[in-house]
Structure formats: structure tokens, C-alpha cells
2 protein chains.
Amino acid sequence: MQIETPSATKTFADRVAEAVEHKGSQLVVGLDPRLDLLPVELRGDAHVARTAAADAVARFCGGIVDAVAPYAVAVKPQLAFFEALGADGLRAFEQTCEYARSAGLLVIADAKRGDIGSTARAYAAAYLEGETPVADALTVNPYLGRDSLDPFFGACRRHGGGVFCLVKTSNEGGGDVQDVRLSDGGLLWQHVARLVAEWGEDLIGEHGLSSVGAVVGATHPRAISEARRLLPRSILLLPGVGAQGASPGDVARAFTSGPASALVAASRSITYGFRSSGEDWRTGASQEAARLKTEIWAASGW
Amino acid sequence: MQIETPSATKTFADRVAEAVEHKGSQLVVGLDPRLDLLPVELRGDAHVARTAAADAVARFCGGIVDAVAPYAVAVKPQLAFFEALGADGLRAFEQTCEYARSAGLLVIADAKRGDIGSTARAYAAAYLEGETPVADALTVNPYLGRDSLDPFFGACRRHGGGVFCLVKTSNEGGGDVQDVRLSDGGLLWQHVARLVAEWGEDLIGEHGLSSVGAVVGATHPRAISEARRLLPRSILLLPGVGAQGASPGDVARAFTSGPASALVAASRSITYGFRSSGEDWRTGASQEAARLKTEIWAASGW
């Protein structure tokens, strides 16, 4: 009789690589549920009671998950919009994550957390640990350095999770800190990119990609090429396509490390497209996700 | 007949200045509720059910609030430890904040949030806005630059709240990014300190202090003098006293801009002192808070 040894936990990067291949998609749908933008049919008493508001948010996110599941590899719920509804909102967040995972989507919790070690351990426990972790990956902030992120890396190693570390963000003001010129002639974000590459070396999976990814705004096409060069093994998470102004063509150069070496996030153009098109909100989300999926795949050159 | 115009909302910095003067204290008690460190009498079923765990956390924080209220000007609940218990944990956080405010303490939510503008607006709404804001102030991260913090500054202006922006953190790894040498010869955290000073100029209250404060680790005594020079109007929030190794004497130079120009945060040495002393947990917290309050006040030279 052969004794089966349980296989090691599959890395987050490998799970991304397999999902990208399986679906022929590198699309991530951002979930930024804002009460004032929800379809009228869902609002009900949402303007008067937080519980009703959180229910409306959970129903909206569930509907978007159903609409985009065939076209996206992941959803990226933005915690701020759930926290704005307090404890009820966090319950809606947990429901949304669970529902998305049951629909076969990876969940990237957009939390941008970063704190000293003992606190970071609590954040890692909150999102990436436990029998069924709430999320598959978490966005994190590098300002507090390596020891503030080690607890996340440990959680990734043990539970097959991932992190995406902010490197060069999509907003204009990001330059105030990220574009500061260093004594070596480079910019701060390039220094951070090198740190992220180093931090991710221990977490490289069978597909050659690390579970320590990097956030690079799609609104900076030139920075994308440079980030790709500095982070050859990291999955780049590229927000900013759609409402923030970037196009699928702007992100083409992110994919030179393989079809799963970048994920493109679009939020408002998918979830709130119905507000300008007048279509049913689910139909609108579905069509825009399908369109973006195809355009990004073509731009990626794979 | 004279028409009364409602007086402008009092700024956070003015509220801090008045609390410091009234209590003769610059002590902030950090609330980092970790289940495994709670007094046995509170644990109950906390290890099996999240609701019970959250109840235990709320009771513990309430007890600490009662114990330290005569000696501290503020509490600083660390969101990570509440988020680790999900929606139930966030409910315990809300209860803790409300209870602390009713006990006459200011509440500094230690969240270290930072995100692009539309998301930052949601975080500002979550913590600093509404009829009764959850917290009086919030810690924030500067990596995404000014436009990511503007929504917080706006909330502070309208609702009398405050922010403490990370500048030089107490952990060792903070140097990976914060101590990078710039082309002007300075360090990155000094550049960030100058930005914070500039961002806070519009929010200076009647006591001459800004509601845009800065976090500087008490574990770096030399950085404190330099931060004080770069940020003459900011309230410095100094964590790291006690369990992290800094002493009240290390922070003396932070107070040269006035008795309320710095707040000293201690967490574990107050809340978990009972674990080594064997005293009742409330008595232990009360005594250690009283001792630290007096030592810090003496060190401040006011």
C-alpha cells in the first residue's frame, strides 16, 4: 500500500497562472460599492439604515460576480467602501468574498494595509489565514519596510495566499513620495520595486512567478515597462483602465514575463457602466467585462 | 435682537490642547486586543466562537478605558486586532470607540489607511464623518501623496477631526524605505515630514497646532528632535514607549512646541502588564497609566 503524502499547498501565483490559462483572461473586476451609484431597484431603505445599505451592497456585488464570472479571473473588493458601512459593511464584504470564491473567482482584497510586525500579524490573520481565508490575496503598503510585511509573506507560504505591494500608484499625487529622486539617480518607486523583487524571491511557484506581486498604475505606461524590468518574476496588478483613463493597449508591455505575469483591474467602467448606457446593470457589467477581457488578452500578445 | 451665528467646529488640535491642559497628561493608551493575551476570566468561549471573542474584546477594552480614563487623554484602538475577528470584531471596535468617548477620552483610530482619492473619501466617511464620527482622529499612510489624503483633510476641516500621518515609524524595518538617501542629501522620511508640515498649514487651530499630526517612533530619539524642527506646528504621536523599548526620557525633545505638541502612546506595557505582575488587570493598567502619565509630564518640562 502506498502512503499518500499531502501535496504542498499550491502557491497563489500558480493558482493565478492556471486561472489565466483556463479562462483566457487577465481581467480583475474591482468592486467599489457606493450607495449613491447602486441601481435604484436595490437601494430600498439603504439611505436610512446601515443594515439595509449593507444588504443592498451585498446583493449588488453578488450580481456583479454572477455577471463577470465567465470573463474575469478575480474580483478586487475595495475594503473602504464596506468599512464605510461599519460592522454591517464588513459582513457584506465577507459574504461577497465567499460568494466570489464559490463562483470560481480569486479574491484580491484591496486593503492597502501596512503596519508594524505584531499588528501586521493580525492583518494577515484577518485576511489570509484560517481554515478558509477570507481572501486569496491582499494589497499592502511598503512604507514600513520588510519586517512589516514578513507576517504576510509567512501567511502566503503557509496558506497559498498572495500579496500585491504598492509600487507606483495610479493617482497623480502618488508622485509626491514615489517620484522623489534618490542619491543613486533613480526614483523612490524604483527602489521599492527592487525591494519587492527581493522580498518575493522565496515565493516563486512552478510557473516561475512569485506570489509577491506589485501594484503599478496602468495610467503610467512608461513606468510599466520599467517595473516589468525591475520585477521580472512578480505578477503586476494594473489598476486604472477605464474610468481612470488607461486603455488595454497601455498595459501591453506588462506581459513579457508570461500571460499571467500581469492582471488588469477595471472597476467603475464595468460595475457602473449601466448608469450611462441605460442597460440592465448585470447585462452592462457582463458585456463590458467580456469586451475588456478580449481586448486585454489581445494586447497581451499571448 | 442679536442673531447668533453657530461657532465654527473646534479643531482636533484645539481639543487635544484642552484635554492635555485639563488632565495634565500627554498619554495615549493603545488598545491592541489579542485574544490569547486577555485575562482568563474574560475568555469564556472566545476560542471557539467569533461573537464570543468579539464580546470578550469589547469587555476588555471597556475595562481598560475605565482604568485609564483619569490618566490618559486618548485611546488608540488598533483596527487590525478588531478586523481579525471580522464583522463581529468591527462591532466591538465601534462599541469601544463609543465607550471611550463617553468616558471623556479622545479616540485615535490606528488604521494607517491610504488610498487613491475616491477610496480615501470612503475611508474618511467611515471614520471621521457622519453625525457622530466613530473616531476623533485616524492614522494615515503618506505613500500615495497629497491627493490621497485630501479627503481626510476635508473631513477634518468640516468635522473637527485629525489625522496622524506616518513619517518615521517605530519598527526597525521602517528604514528600508524611510531612510533611503535622496539626491538632496536628506532621507525620505525628512522629505515626508516637510510634506506633512505643508499639508497641515490650513488646519492650524487657536493653540497654534495643526490637526495634521505626524507619527514618529519613540524608539528613534534623534529623529524626534529632527522631526520637531521640520514639523513645528504638528502634534507628534510617539509610539514605542514600554514594550518596544523607549522610555519617557527619550521623547522629551518632542515637547518644545508646547505641552500638547506631542502625545506618547504606550500599549502592551499598560494593557498586558497584569500578565507579569500578577495583579488584577484593571488595577495593573490603572497604575501603569498613572505612572507613565506622571513620568511623561515631568519629561515634557511643562
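**Exercise 1. Strand β2 of chain B and its partners**

In β3(B), which residue is the bridge partner of B:V75? Work out the surroundings of β2(B) in this predicted model.

Solution.
- Step 1. The bridge partner of B:V75 in β3(B) is B:V107. Here β3 covers residues 106-113 of chain B, and its pairing with β2(B) is parallel, over 2 bridges.
- Step 2. Turn to the pairing with β1(B): this too is parallel, and it has 4 bridges. Within it, B:V28 is opposite B:A74 of β2(B).
- Step 3. Sort the residues of β2(B), which spans 74-77, by direction. B:A74 and B:K76 point one way, while B:V75 and B:P77 point the other way. In a regular strand, side chains alternate between the two faces of the sheet.
- Step 4. Check burial: B:A74, B:K76, B:V75 and B:P77 are all buried.

**Exercise 2. The barrel**

How many strands make up the closed barrel of chain B, and in what order do they run?

Solution.
- Step 1. The barrel of chain B has 8 strands, in the order β1-β2-β3-β4-β5-β6-β7-β8, with parallel pairing. From one strand to the next the twist averages 30°.
- Step 2. Take one pair as an example. β5 (residues 162-168) and β6 (residues 210-216) of chain B are joined in the parallel sense by 5 bridges. In this pair B:L166 faces B:V215 of β6(B).
- Step 3. Add a helix to the sheet. α13(B) packs on it and touches β1 and β8 of chain B; the direction of α13(B) makes about 140° with that of β1(B).
- Step 4. Repeat for chain A. Chain A also has a closed barrel of 8 strands, β1-β2-β3-β4-β5-β6-β7-β8, paired in parallel, with an average twist of 30° between one strand and the next.
- Step 5. Look at one pair there. β1 (residues 27-31) and β2 (residues 74-77) of chain A run parallel and are joined by 4 bridges. The bridge partner of A:L31 in β2(A) is A:P77.

**Exercise 3. Helix α13**

What span should the 20 residues of α13(B) have at 1.5 Å a residue, and how far apart are its end C-alpha atoms?

Solution.
- Step 1. The expected span is taken as 1.5 Å times one less than the number of residues. For α13(B), residues 281-300, this gives 28 Å, and the end C-alpha atoms are 28 Å apart, so the two agree.
- Step 2. Do the same for chain A. α13(A) has 20 residues and reaches 28 Å from first C-alpha to last, close to the expected 28 Å.
- Step 3. List the buried residues. Those of α13(B) include B:W281, B:A285, B:E288, B:L292, B:I296 and B:W297. An α-helix has 3.6 residues a turn, so residues three or four places apart point the same way.
- Step 4. Find what covers them. The cover of the buried residues of α13(B) includes β1, α3, β8, α11 and α12 of chain B.
- Step 5. Look past the end of the helix. Just after α13(B), B:G301 has a positive phi of about 75°; just after α13(A), A:G301 has one of about 80°.

**Exercise 4. One residue of α13(A)**

Is A:S286 buried or exposed?

Solution.
- Step 1. Place the residue: A:S286 belongs to helix α13 (residues 281-300) of chain A.
- Step 2. Apply the cut-off. A residue is buried if 20 or more other C-beta atoms lie within 10 Å of its own. A:S286 has 21 of them within 10 Å, so A:S286 is buried.
- Step 3. Find its contacts. Beyond its neighbours within four places in sequence, A:S286 is in contact with A:A67 and A:V68.
- Step 4. Compare sequence and space. A:S286 and A:A72 are 214 residues apart along the chain, and their C-alpha atoms are separated by 9.9 Å.

**Exercise 5. The two chains**

What rotation superposes chain A on chain B, and how many residues of each chain are in contact with the other?

Solution.
- Step 1. A rotation of 180°, with 0.0 Å of shift along its axis, superposes chain A on chain B with an RMSD of 0.0 Å. The copies are therefore related as by a two-fold rotation axis.
- Step 2. 100% of the contact residues of chain A recur in chain B, meaning that the same surface serves both copies.
- Step 3. Count the contact: 46 residues of chain A touch 46 residues of chain B.
- Step 4. Identify the elements. On the side of chain A that touches chain B, α4, α5, α6, α7, α8 and α9 of chain A each give two or more residues; α6(A) gives the most, with 6 residues.
- Step 5. Classify the residues of that side: 20 are nonpolar, 16 polar and 10 charged.

Key: Residues numbered from 1 in each chain as written. Chains lettered and ligands numbered in written order. Predicted model: local features only at pLDDT ≥ 70, side-chain atom pairs only at ≥ 80, totals over all residues. Contact = placed C-beta atoms within 7 Å. Nonpolar A, V, L, I, M, F, W, Y, C, P; charged D, E, K, R; others polar. Pairing = 2+ DSSP bridges. Axes fitted to C-alpha atoms, helices over the stretch in contact; angles between N-to-C directions. Buried ≥ 20, exposed ≤ 12 C-beta atoms within 10 Å, placed from the backbone. Least-squares fit on C-alpha atoms with pLDDT ≥ 70 in both.
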